[in-house]
Amino acid sequence: MADNVRFTLNDRHVEIVGVPPMTTLLDWLRDQRGLRGTKEGCAEGDCGACTVVLEREGRRDAVNSCIVLLGQLDGQSVRTVEGLKGADGGPHPVQTAMAEADATQCGFCTPGFVMSALAHASNGGTADPEAIHEALAGNLCRCTGYRPIVEAMTRIAGLAVEPPPAPSPVAPRTTSIAFDGAFFAPRSLKELLALRVAHPEALLLAGGTDLGLLASRERKPPKAVIHLVHVPELAAISATADKITIGAAATYEAAAPTLIEAFPALRPYLSRLGSRQIRNMGTIGGNIGTASPIGDMPPVLLALEASLTLVSKRGTREIPLDAFFLDYRKTALAPDEIMLSLSMPRLWEGETFHCDKVSKRRDQDISTVAGAYRVRIRNGRIEDARLAFGGMAATPRRAPAAEAALLTDGFAAAIAAIEKDFKPLDDWRGSAAYRLQIAANLLRRLELRLAEPGRVLEVEAL
């Protein structure tokens, strides 16, 4: 069934006619609607100049419009800087705070900061410096004038910013929809699996924080995609006494509370995974499916003994994450399969979990090396360990030689064994020698954490 993309923009319903669903929201706003407050800075979701807000389920979530495709917005509600106004019809409190704090500066990035500030204040964000830093980590100021922007954020944090307006919603979809015969949006797992067989060439689209680059930076939008986020099973999140299960299309923001409750060390780690804008759209399943050797989440999941549920019309199978990554950007996912969910056991008694990320920048940067470690200690002795690293090989991988050495001879032997596990490549993020040294140092940090958990546990990722 062919149809047109429909969504709400600044409280008004719009229907997209004659514009491909693979067009980015940013291009459509500027070129088709003349809404040029939203800017293009980097075209890859890094700078935040293109930030708009999705209003959904009583929340306002900042997203990067440069990597969101129009097809993803069907049924959504979007607000741009032009759609802001106060209760009296004048400037919105966020706009007033930015002006009064002299935070507008050259003005290029200001609309993006305004929208991120709106989302922060509307969702109960506080004036705590760390909270403000995290809220603005996805926005870059080219005037290097963050002080007045932070001051404006401090003024509006905690204010009673009105909830998202509630215009009459566009008609909800109940069955699978196809836009332009190329953008498929199934509403059930059965429909999704049938589409996967019928269109094996189509790319699987969840948050689009990676795939969206084809349309934005590369200017070569995909010819066909299957959008996964409306299939209930792929968005489900559950926690039992024994394990955590996350749907492959659940966003990081949705999954974070469950993950952090089970594994508290993930709180600082996840705050550095992309930005608020990226986490509002990006999915853990997408991070796994791209099979990048420098993805942030795979080393964590390897250390946590994660397994994947893969499903096709042929049936369902479980596969340990260790066996999923085959080679550089190659996985065990069959052409007719989709990733349904990932599961990981909770920590057993006596187990501890830690993780680290080393990158050139603290925020908005891919790992040079990422490490994650699940260790079981009984009677003062390490009796089991899972050590995993990213950025050290063609795939995210465990370190079996270091694990074995740790159990038999301790940390000094494990550190020495790292060279047996990995032969990293040299690239612009770091030389092979540098990466080996980082991995060794991270194991030394783990030793200190285990020896003095009260003191070292608070140390965040590098």
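**Residue environments and helix packing**

Val 52 touches Leu 25, Leu 29, Thr 38, Asp 61, Ala 62, Val 63, Ser 65, Val 78, Arg 79, Thr 80 and Met 115, when residues up to four places away in sequence are not counted. The model in which these contacts were computed is a predicted one. Val 52 belongs to strand β4, which covers residues 51-56. With a relative accessible area of 0%, Val 52 is buried, because the cut-off for a buried residue is under 20%. Gln 32 lies 20 residues from Val 52 along the chain, and the C-alpha atoms of the two are separated by 16 Å.

A second site was examined in helix α3 (residues 110-122), where Ser 116 is located. Ser 116 has a relative accessible area of 3% and is therefore also classed as buried. Outside the stretch of up to four places away in sequence, Ser 116 is in contact with Thr 51, Ala 62, Ala 135, Leu 136, Asn 139 and Gln 277. Ala 62 thus appears in the contact list of Ser 116 and in that of Val 52. Between Ser 116 and Val 68 the C-alpha to C-alpha distance is 16 Å, at a sequence separation of 48 residues.

For the protein as a whole, the secondary structure consists of 17 helices and 21 strands. The C-alpha trace spans about 70 × 55 × 45 Å along its principal axes. The radius of gyration is 23 Å, which agrees with the value near 23 Å for a compact globule of 462 residues. Of the 462 residues, 56% are buried. Among contacts with a separation of 6 or more, 63% are between residues 24 or more positions apart.

Three helix pairs were considered. In one of them, helix α2 (residues 93-100) and helix α5 (residues 146-156) have axes that come within 8 Å and cross at roughly 140 degrees. The two helices are therefore oblique to each other, as the angle is not over 145 degrees, the cut-off for roughly antiparallel. The crossing of α2 and α5 is right-handed. On the α2 side the contact is made by Pro 93, Val 94, Ala 97, Met 98 and Glu 100, and on the α5 side by Ala 152, Arg 155 and Ile 156. By class, this contact has six nonpolar, two charged and no polar residues.

Helix α14 (residues 400-409) and α15 have axes that come within 7 Å, with a crossing angle of roughly 160 degrees. α14 and α15 are therefore roughly antiparallel, and their crossing is right-handed. Pro 400, Ala 401, Ala 402, Ala 405, Leu 406 and Asp 409 of α14 meet Phe 411, Ala 413, Ala 414, Ala 417, Ile 418, Lys 420 and Asp 421 of α15. The classes in this contact are ten nonpolar, three charged and no polar residues.

Helix α15 (residues 411-421) also packs with helix α16 (residues 432-451), their axes coming within 9 Å and crossing at roughly 160 degrees. This pair is therefore likewise roughly antiparallel, and α15 passes α16 in a right-handed crossing. From α15, Phe 411, Ala 414, Ile 415, Ile 418 and Glu 419 take part; from α16, the residues are Leu 436, Ala 439, Ala 440, Leu 443, Arg 444, Leu 446, Glu 447 and Leu 450. The contact of α15 with α16 comprises ten nonpolar, three charged and no polar residues. Phe 411, Ala 414 and Ile 418 of α15 are listed both in the contact with α14 and in the contact with α16.

Notes. Residues numbered from 1 in each chain as written. Predicted model: local features only at pLDDT ≥ 70, side-chain atom pairs only at ≥ 80, totals over all residues. Heavy atoms only, no water. Axes fitted to C-alpha atoms, helices over the stretch in contact; angles between N-to-C directions. Helix = DSSP H or I, 4+ residues; strand = E, 2+ residues; numbered from the N terminus. Parallel < 35°, antiparallel > 145°, perpendicular 65-115°, else oblique. Left-handed = near helix turned anticlockwise from the far one by under 90°. Contact = heavy atoms within 4.5 Å. Nonpolar A, V, L, I, M, F, W, Y, C, P; charged D, E, K, R; others polar. Buried < 20%, exposed > 50% of the residue type's maximum accessible area, 1.4 Å probe, protein only. Rg over C-alpha atoms; globule rule 2.2 N^0.38 Å.
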